[in-house]
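This briefing goes with the structure shown below. Please keep the coordinates open while reading.

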Amino acid sequence: MSKTQGSSHDGATAAVMSAANEAVTTATLPTTAAPSVRAVSVSFVLNGREVTWEGDPSAKLLDVLRDDLRLTGVKCGCREGECGACSILLDGVLVNSCMVAAGRVGGTEVTTIEGYCTTERFKVLDATFARRSAVQCGYCIPGMVLAAEALLSANPHPTEEEVRTGISGNLCRCTGYNAIVDAILDASKEGEGLW
Amino acid sequence: MHPISQPVVKKDHTEKMAGSAEYVGDFYSTDMLHARFVRSPHPHARILEICYPELPEGYCSVDHRDVLGENIVHVVEDDSPVFEVDEVFYVGDPVAMIIGPDPQRVKALAAATEVRYEVLSAILDIDDSDTVFFDYHYGRGDCEDAFSEADKVYEEQFSTGYQEQAYLETQGMSARYEDGLLTVHGSLQCPYYVHGAIAKATGLPKGSVRVIQDYTGGGFGGKEAYPSFLAAQLGVAAMKVPGKDVRVVYDRREDMEFTSKRHPSRCTYRAAVKDGRVTALEIDVRFNSGAFTTLSPVVLQRGIIAAPGVYHVPSLKVRGRGLRTHTVPTGAYRGFGAPQTFFAIERLMDHIAADLGQDPLDFKLAHAAKKGDPTSTSGIYHYEVPLPEMVDKVCEMSDYRAKRAAYAKEQGRRYRNGIGIALWFHGCGFTGSGERDFIKAVVGLHKHADGTVEVLACNSDIGQGIKTTFSKVVAAELGIPYDQVSYGNPDTSRVPDSGPTVASRSLMTVGELLRRAAARLREEWVDGQEQSVEEHYHEPDFMLPFSLEDFSGDAYPTYAWGVSAIELRYDSLTGANDIVGCWSSFDVGTPIDLAIVTGQMEGGVLQGLGYSSMEQMATDANGRIRNNSYSDYIIPTSADVGELAVSMHVVEFPFGPYGAKGAGELPLVGIAPAFVEAAEQALGARGINHIPLKAEEALEYLGAAQKEAHR
Ligand code: FES
Ligand code: FES
């Protein structure tokens, strides 16, 4: 993938786009691969594109996505599997990417917010989250949106309680959750047929 | 409802939703250097020597010898160093920093740095403290008389614990020094606080320092003063390695252990009661300030001004102390000293009412201040005090009275319910004359030739929606569409100092300045031309000048009001509780956006519920925070509250934009006393005077209640 210069918005966007646009992306990583560990090559589908990544197989998928593949919509709130900010979909299942070893994702499909935000389903959630003003600081939101996707794809017509349980692994310190829960319930109605 | 309350799509919705908003940890540069602190492992020790390991090329150490300006991080006072010189004062006190390109290696090198210490004796508990940072007194009336004439005197002690802000994004800052300009950007609430702190520590002229707020993943007060420390430390580091970005992003444990949190408190209250009325209060408030003063004076001021609660009590004698211990410095957290004292006064009123055989809510209402009554500091409640109507609303929402009566009569065998209610205020804006004497806020509007208008201010959107509400106010006043107004993340090289993003002041105070600026721009508006206007703060004339000498006068121009009822259900087998519901009425003046305000209220209530029960922070034998992760420091999830309902009551404030008052902090302030009152009823206990109230303790109280019942 292309290296970018300077710490600018443009730099980050360019890197993200290169990961999404190139058919095969290879990244060699100074950050996550300790020199003593044998690097392995891992191929997986990331946001609809095949990528190959090389590095320490025990590296956290969170670091690989953020640092090497520059997908910084994947947030880090704890690195210990407790907050859900780093949530992604792994073969459609919601996981905390800080608890997944990079070596495990070979042959899987990984979806981050950067990929998910181009979908029709996202558009529905985008509209309902906007209407409910469900986004405050925004740090939990990429993970929360993917949690909503995982919930709705398993259960397109959840009750309020099911929504509350479904997103209970994703901490939000700002909102009190009501607006998020309501936005997901609205999406389940307005996105009828999408999930 | 005022038309401006109609919700709009928030200005920063799209980028936050799509994950493209860049927080400080998201920036990328090929030559980024990472920083890691070397911290004291001792609560109090003399530094004898710092021995760095051999540092590979590209890595370097940073310590007090690199501080080119003053080795001081300016907060309110100047006692905190950038890096310690010869003594450390708490576990985690920064001694040095290692910077370099590979974060893992930096971490290893920081761990390999050996600091030799001579351990000194440490004071960890405020009861043992021998240093009083601040000691304030105020009062009125004649307490001595009131106590000697009282029918009955009550005395109780109250204690509250730490509370961690637990913003989802940890603290982080990035600095780069290039061509004589030091640019710092990060997760922060107060760009100009950071700006001043960096200039002092680096010795650079103010014009050579630029501070930019990045998207910030929550603050709640935790990013008021602490970012000044990080920025000073990183600024010093960046000047050692010109042309490179130096960044630190805390991991969660580091953040929870070593950044500021809510002051633990111990309060003693004495009340004189005559003919069923509280005639005097003698109040002693003690806050644990930790090792340095940081924001303690102002937190303590707010705490003691709120100490008598919403009640009109003729005689008062109030003392407040901020005490030094060898523990992590405490600081700002939503509510800023008031949650501690409101906990005390509300519990005390409940207990006096119970002892007098009165309904606690009626007892409180009978004592509540009204418009025109004196405030605790002999100022005046200039505007309507809407507590009676708000109480009615909350009673209707919660069915408080019927439930309170029912649970007093009968409880289930396994499940036991209780309901409690609390009344409180939050003084809007800075305490006293800070706004007039220190902040002197300035705002600007810049109109481009195409008719779009840019807001020039430095209040940061940390999730509370200030980008949106500022834009709404300006658009409404100019009579132009909301989309035509923009407000980006503040950058001190472009925007004036409109003051910090604290004290629930941004919208009420700075928003009003913007409204006035917009009114002027509307008059001067010329199509097709670039135009700028500026506006400066003036204190409203109606205020009685506040004196910090004797705490007299109007501490605040106006007050936001809160009433919450909380119902709990305890399982007597496990001691666990369900929060059945929390019903609240809040008056923050005109909501500039109903959806935003509602979200603020709900979020604040939930933090208050956490403060009451699950958010526990214990320390080890060295005073070091033990609960340092989300698995040990539990914050509420989406599944933790049955019903969380909020209703807005509106008393317009004529000096806030469109009648708006302060909002952000209010909802947290009085939740804990309502929670504990509910717990007391459910558990059949008396005199629970501390928070957090743990499940294990609930079992003990239940055991005691059951023994009592079988006797
Ligand atoms: S960062 Fe992965 S769960 Fe918190
Ligand atoms: S919006 Fe801030 S953590 Fe959820």
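The points below cover the interface, the nonpolar cores, the salt bridges and two buried polar residues.

The model is predicted. Chain A and chain B bury about 4,400 Å² between them, and the structure holds 57 salt bridges over all chains. The largest nonpolar core has 209 residues.

**Interface between chain A and chain B**

- The contact involves 52 residues of chain A and 56 residues of chain B.
- Carbon and sulfur atoms give 55% of the buried area of about 4,400 Å².
- Between the two chains there are 4 salt bridges. Arg173(A) and Glu615(B) form a salt bridge between chain A and chain B, with their closest N and O atoms 2.7 Å apart.
- The count of residue pairs in polar contact between the chains, both at pLDDT 80 or more, is 23.
- On the side of chain A that touches chain B, at least two residues each come from α1 (9–21), α2 (61–68), α3 (113–116), α4 (120–131), α5 (141–154) and α7 (178–190) of chain A.
- Helix α4(A) gives the most to this side, with 5 residues.
- By class, the side of chain A that touches chain B consists of 23 nonpolar, 17 polar and 12 charged residues.

**Nonpolar cores**

- In soluble globular proteins, nonpolar side chains tend to be buried together.
- In the largest core, of 209 residues, those with the most contacts inside it are Leu125(A), Phe129(A), Ile99(B) and Leu609(B).
- Helix α5 of chain B (residues 226–240) supplies the largest share of this core, 10 residues.
- Another core lies apart from it and has 33 residues, including Ala457(B), Val510(B), Ala517(B) and Tyr537(B).
- Not counting residues up to four places away in sequence, Leu609(B) touches Ile566(B), Ile579(B), Cys582(B), Met614(B), Val641(B), Ile671(B) and Phe675(B).

**Salt bridges within the chains**

- Side chains of opposite charge can pair when their charged atoms come close.
- Glu120(A) and Lys123(A) meet in a salt bridge with an N to O distance of 3.0 Å. The two residues are 3 residues apart in helix α4 of chain A, so about one helical turn separates them. Both ends count as partly exposed: Glu120(A) has a relative accessibility of 48%, and Lys123(A) has 49%.
- Asp127(B) and Arg266(B) are joined by a salt bridge of 3.0 Å, N to O. Asp127(B) sits in the loop between β6 (114–119) and β7 (132–140) and Arg266(B) in strand β13 (residues 265–274) of chain B, so the pair ties together parts 139 residues apart in sequence. Asp127(B) is partly exposed at 49% relative accessibility, and Arg266(B) is partly exposed at 28%.
- Arg210(B) pairs with Asp491(B) in a salt bridge whose closest N and O atoms are 2.6 Å apart. This pair links distant parts of the chain, with Arg210(B) in strand β11 (residues 209–213), Asp491(B) in the loop between β19 (485–486) and α14 (506–524), and the two positions 281 residues apart. Arg210(B) is partly exposed at 27% relative accessibility, whereas Asp491(B) is buried at 8%.
- In chain A, salt bridges that share partners connect Arg131(A), Arg132(A), Asp182(A), Asp186(A) and Glu190(A) into one network.

**Glu149(A)**

- Glu149(A) lies in helix α5 of chain A. Its relative accessible area is 6%, so Glu149(A) counts as buried.
- Its side chain makes a polar contact of 2.7 Å with the side chain of Trp195(A).
- Beyond its neighbours within four places in sequence, Glu149(A) is in contact with Leu89(A), Tyr116(A), Arg121(A) and Trp195(A).
- The C-alpha atoms of Glu149(A) and Leu94(A) are 8.7 Å apart, although the two residues are 55 residues apart along the chain.

**Gln464(B)**

- Gln464(B) is in the loop between β18 (453–456) and α13 (466–478) of chain B. With a relative accessible area of 18%, Gln464(B) is buried.
- Its side chain reaches the backbone oxygen of Ser460(B) at 3.1 Å. A polar atom of the Gln464(B) side chain also lies 2.8 Å from the backbone nitrogen of Ile462(B).
- Outside its neighbours within four places in sequence, Gln464(B) is in contact with Thr501(B), Ile596(B) and Gln600(B).

Definitions and conventions: Residues numbered from 1 in each chain as written. Chains lettered and ligands numbered in written order. Predicted model: local features only at pLDDT ≥ 70, side-chain atom pairs only at ≥ 80, totals over all residues. Heavy atoms only, no water. Helix = DSSP H or I, 4+ residues; strand = E, 2+ residues; numbered from the N terminus. Buried < 20%, exposed > 50% of the residue type's maximum accessible area, 1.4 Å probe, protein only. Polar contact = N/O pair within 3.5 Å; in protein donor to acceptor, adjacent residues only side chain to side chain. Contact = heavy atoms within 4.5 Å. Core = buried A, V, L, I, M, F, W, Y, C linked by side-chain atoms within 4.5 Å. Buried area = accessible area lost by both parts, 1.4 Å probe. Salt bridge = Lys/Arg side-chain N within 4 Å of Asp/Glu carboxyl O. Nonpolar A, V, L, I, M, F, W, Y, C, P; charged D, E, K, R; others polar.
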